[in-house]
Amino acid sequence: MIGPIVVEPDQTEVEATVGRMIDFNVGDNPENWSIETDNPEVLSVTPGKKEGDAYFNPGAEALAVGTATVTLTDTKSNLDAMEYTVTVTE
């Protein structure tokens with residue numbers, strides 16, 4: 001199995017193939033970050049979360065060929081936001 005594509009905060013563009021998972025590194029407290037996509041036919045997104053002692057970054061799955069914009073927002077401060085253009089290919 002191929003691991004996820006890890007996206008760092010200073011990136012603005014991401015390339016993935018259909019079926020790949022994308023992990024958005026938001027640093028501390030990933031459960032505080034919401035995630036949205038403008039094209040749910042291309043990307044399925046999941047919010048960050050905490051389960052027990054484990055933390056999981058917000059993520060996405062590349063569903064179909066196309067382009068989508070992903071916006072991550074810190075729900076605690078509402079000041080920090082990150083936006084990425086994700087291009088999905090075959």
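User: Let's start with one residue: where is the place of N29?
Analyst: This is a predicted model, so everything here is computed from it. Its strands are numbered, and N29 can be placed by the two strands on either side of it. N29 sits in the loop between β3 and β4.

User: What is the phi of N29, and is N29 buried or partly exposed?
Analyst: N29 is not a glycine, yet its phi is positive, at about 55 degrees. Its relative accessible area is 39%. Buried would need under 20%, so N29 counts as partly exposed.

User: Which strand pairs with β4, and what stands opposite T37?
Analyst: β4 and β9 pair in the antiparallel sense, over 5 bridges. Within that partner strand, β9, the residue opposite T37 is V70.

User: What is the strand order of the open sheet that holds β4 and β9?
Analyst: This open sheet has 4 strands with mixed pairing. Its edge strands, β2 and β4, each pair on one side only. The twist averages 25 degrees from one strand to the next. Read across, the order is β2-β10-β9-β4.

User: Which strands are the edges of the open sheet with the order β1-β3-β8-β5?
Analyst: That sheet is open, has 4 strands and shows mixed pairing. Neighbouring strands in it are turned by 25 degrees against each other on average, direction ignored. An edge strand here pairs on one side only, and that describes β1 and β5.

User: What is the bridge partner of S44?
Analyst: β5 and β8 pair in the antiparallel sense over 4 bridges. S44 has its bridge partner in β8, and that partner is E61.

User: Which element gives the largest share of the largest nonpolar core?
Analyst: The core has 20 residues, and I22, F24, L43 and L72 touch the most other members. Elements giving two or more residues to the core include β1 (5-7), β3 (21-24) and β9 (66-74). The largest share is 4 residues, and that share comes from β10.

User: Which residues does F24 touch beyond its sequence neighbours?
Analyst: F24 is one of the core residues that touch the most other members. Setting aside neighbours within four places in sequence, its contacts are V7, I35, N57, P58, G59, A60, V70, L72 and Y84.

User: How far from D23 is the nearest side chain of opposite charge?
Analyst: D23 is found in strand β3. Not counting residues up to four places away in sequence, D23 touches P4, I5, V6, V7, N57 and P58. D23 is buried yet has no salt bridge. The nearest side chain of opposite charge is K49, at a distance of 11 Å.

User: Which side chain does K49 meet in a salt bridge?
Analyst: Side chains of opposite charge can pair when their charged atoms come close. The count for this model comes to 1 salt bridge. Both partners are partly exposed, with relative accessible areas of 39% for K49 and 44% for the other residue. The N to O distance is 2.9 Å, and the partner of K49 is E51.

User: Which residues does P47 touch, and how far apart in space are P47 and P4?
Analyst: P47 lies in the loop between β5 (43-46) and β6 (49-51). Not counting residues up to four places away in sequence, P47 touches W33, I35, N57 and P58. P47 and P4 are 43 residues apart in sequence, and in space their C-alpha to C-alpha distance is 15 Å.

Notes. Residues numbered from 1 in each chain as written. Predicted model: local features only at pLDDT ≥ 70, side-chain atom pairs only at ≥ 80, totals over all residues. Heavy atoms only, no water. Core = buried A, V, L, I, M, F, W, Y, C linked by side-chain atoms within 4.5 Å. Buried < 20%, exposed > 50% of the residue type's maximum accessible area, 1.4 Å probe, protein only. Contact = heavy atoms within 4.5 Å. Pairing = 2+ DSSP bridges. Axes fitted to C-alpha atoms, helices over the stretch in contact; angles between N-to-C directions. Lys, Arg positive; Asp, Glu negative; His and termini not counted. Salt bridge = Lys/Arg side-chain N within 4 Å of Asp/Glu carboxyl O.
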